[in-house]
Amino acid sequence: EGQYCIIEFLIGTENLVKREGILYSVGVSFVVLYEPRSGNYIVCDLYSIKFVTFAGSGVIPTMKNVKKRV
């Protein structure tokens, strides 16, 4: 949690969809990404995730600059 990442999801049998943002939360069957540009939170299905890429530290923003909602 708190690291910038790019997550690729398999939608259907052939479509890969890419979402990127700060990994905000991880649950049993979902993850939540925070998109700093739009200020949106995206809830993502854990079972459709195929690839996750974590950016190197200092390159892209982290959760230090994001207020966690309660």
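Strands here are DSSP runs of at least two residues, numbered from the N terminus. The model is predicted. With that in hand, start at Glu-8, which sits in strand β1, residues 4-11.

Glu-8 is a charged residue in a buried position, and it has no salt bridge. The nearest side chain of opposite charge belongs to Lys-18, 4.9 Å away. A salt bridge needs a side-chain nitrogen of Lys or Arg within 4 Å of a carboxyl oxygen of Asp or Glu, so Lys-18 does not supply one. What does Glu-8 contact, leaving aside its neighbours within four places in sequence? The list includes Leu-16, Val-17 and Lys-18. It also includes Ser-48, Ile-49, Lys-50 and Phe-51.

Now step back to the sheet. Strands of a sheet pair through backbone hydrogen bonds, either parallel or antiparallel. In this model, five strands form an open sheet, and the pairing is antiparallel. The order is β4-β3-β2-β1-β5. Strands β4 (40-45) and β5 (49-54) stand at the edges. Each has a single partner strand, so one side of each is left without a neighbour in the sheet. From one strand to the next, the twist averages 40°.

Look next at one pairing inside the sheet. Strand β2 covers residues 15-26 and strand β3 covers residues 30-35. These two run antiparallel and are joined over four bridges. Leu-23 has its bridge partner in β3, namely Leu-33.

The last stop is a group of tyrosines. A pair of aromatic rings is described by the distance of the centres and the angle of the planes. How many aromatic pairs does a search of the whole structure find? There are two. In one of them, the ring centres of Tyr-24 and Tyr-41 are 4.8 Å apart. Their planes stand at 70°, so the pair is edge-to-face. This pair links distant parts of the chain. Tyr-24 lies in strand β2 and Tyr-41 in strand β4, 17 residues apart.

Tyr-34 and Tyr-41 also form an aromatic pair. Here the centres are 4.7 Å apart and the planes are at 50°, which makes the pair tilted. Tyr-24, Tyr-34 and Tyr-41 thus form one aromatic cluster.

Are these rings buried or exposed? The cut-off for buried is under 20% relative accessible area. Tyr-24 is buried, at 9%. Tyr-34 also counts as buried, at 13%. Tyr-41 has a relative accessible area of 26%, so this residue is partly exposed.

Definitions and conventions
Residues numbered from 1 in each chain as written. Predicted model: local features only at pLDDT ≥ 70, side-chain atom pairs only at ≥ 80, totals over all residues. Heavy atoms only, no water. Buried < 20%, exposed > 50% of the residue type's maximum accessible area, 1.4 Å probe, protein only. Lys, Arg positive; Asp, Glu negative; His and termini not counted. Contact = heavy atoms within 4.5 Å. Pairing = 2+ DSSP bridges. Axes fitted to C-alpha atoms, helices over the stretch in contact; angles between N-to-C directions. Phe/Tyr/Trp six-rings, centres within 6.5 Å; stacked < 30°, edge-to-face > 60°.
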